[in-house]
Amino acid sequence: MLKLAGILLLMIGCTGLGINKASEEKRRIKELREIRRMIIRMQNEMRYGKRTLPEICLLFGECMEEPYRNTFTALFHKMEENDGTVLNKMWKEQMNACMKGLPLKEEEKNILINLPQHLGMQDETMQAADIGQSLDMIENHIRQAEAEYESKIRVIMSISVMAGLFLTILLL
């Protein structure tokens, strides 16, 4: 009876790990969509609202979800301090801290981290057009993640169940 309970708990644990990994993949797609929404909104605020980056950071600090809300609020305050720190450096520090716990790949994180490279001393229309490059890259990552999602989930669940069976056989 004790062995049966152990086998059952082992299988539930391995399956649970598979479910956790599957939900992490779903969360990755959700975060990619949130970054896309953020970039589109930033582009629209620059192009049509004629807003500056500090104004956009203040706006995003009020309306974005966590962890982005605190990040944009902190960016706004750092820009207001105007202590001579370069925008790229401030942005990179804040975004690295923001995206530390997110289930994104490094190249996906870098899209948002490297966004200020497109914010040179141009007018708002040119900045918004340059941000479109980041938007294209994030769109490609979203399409790829969505296309791979179903097959990845099947593989993850199959491996987790098989690992449970293997460990059960090994420990018997």
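Is R33 buried, partly exposed or exposed? R33 counts as partly exposed, at 39% relative accessibility, and its side chain meets that of E146 in a salt bridge. The structure described here is a predicted model, and the protein averages a pLDDT of 88, with 95% of the residues scoring at least 70. The points below take up the charged pairs, the nonpolar core, two buried residues, a surface patch, the backbone of two loops and the confidence of the prediction.

**Salt bridges**

- A search of the whole structure finds 10 salt bridges, and one of them joins E146 and R33, with a distance of 2.3 Å from N to O.
- Because E146 lies in helix 6 (residues 124–171) and R33 in helix 1 (residues 2–47), this pair ties together parts that are 113 residues apart in sequence.
- E146, like its partner, is partly exposed: the relative accessible area is 35% for E146 and 39% for R33.
- Side chains of opposite charge can pair when their charged atoms come close.
- Within helix 1, the side chains of E45 and R41 meet in a salt bridge of 3.7 Å, taken from N to O; E45 and R41 are four residues apart, so about one helical turn separates them.
- E45 also forms a salt bridge with R51, where the closest N and O atoms are 2.5 Å apart.
- E45 itself is buried, with a relative accessible area of 13%, whereas R41 is partly exposed at 26% and R51 is partly exposed at 33%.
- Elsewhere, salt bridges that share partners join E25, R28, E108, E148 and K152 into one network.

**Nonpolar core**

- The largest nonpolar core has 37 residues, and those with the most contacts inside this core are M42, Y68, F72, W91 and L112.
- At least two residues of the core come from each of helix 1, helix 2 (53–63), helix 3 (68–81), helix 4 (87–98), helix 5 (106–113) and helix 6.
- When neighbours within four places in sequence are left aside, W91 is in contact with M42, L53, C57, F72, L75, L112, I113, L115 and P116.
- Three of these partners of W91, namely M42, F72 and L112, are also listed among the core residues with the most contacts.

**Two buried residues in helices 1 and 6**

- I39 lies in helix 1 and counts as buried, at 1% relative accessibility.
- Leaving aside neighbours within four places in sequence, I39 is in contact with I111, I131, S134 and L135.
- The C-alpha atoms of I39 and C98 are separated by 16 Å, and these two residues are 59 residues apart along the chain.
- H141 lies in helix 6 and is buried, with a relative accessible area of 13%.
- Not counting residues up to four places away in sequence, H141 touches L32, E107, E108 and I111.
- I111 therefore appears in both contact lists, that of I39 and that of H141, where contact means heavy atoms within 4.5 Å.

**Nonpolar surface patch**

- F166, L167, L170 and L171 make a nonpolar surface patch of about 440 Å².
- One of these residues, L171, lies in helix 6 and is exposed, with a relative accessible area of 66%.

**Backbone geometry in two loops**

- The peptide bond from E66 to P67 is cis, with omega near 5°, and P67 is placed in the loop between helix 2 and helix 3.
- K50 has a positive phi of about 50° although this residue is not a glycine, and K50 lies in the loop between helix 1 and helix 2.
- K50 is partly exposed, with a relative accessible area of 47%.
- For context, most residues other than glycine have a negative phi, and most peptide bonds are trans.

**Confidence of the prediction**

- Among the elements of the protein, helix 1 has the highest mean pLDDT, at 92, and helix 4 has the lowest, at 88.
- Where pLDDT is low, the predicted coordinates should not be read in detail.

Definitions and conventions: Residues numbered from 1 in each chain as written. Predicted model: local features only at pLDDT ≥ 70, side-chain atom pairs only at ≥ 80, totals over all residues. Heavy atoms only, no water. Salt bridge = Lys/Arg side-chain N within 4 Å of Asp/Glu carboxyl O. Buried < 20%, exposed > 50% of the residue type's maximum accessible area, 1.4 Å probe, protein only. Patch = residues over 30% accessible without salt bridge, like charges linked within 9 Å, V, L, I, M, F, W, Y side chains within 5 Å. Areas by Shrake-Rupley, 256 points an atom, 1.4 Å probe, with all protein chains shown as cover. Core = buried A, V, L, I, M, F, W, Y, C linked by side-chain atoms within 4.5 Å. pLDDT = per-residue confidence, 0-100.
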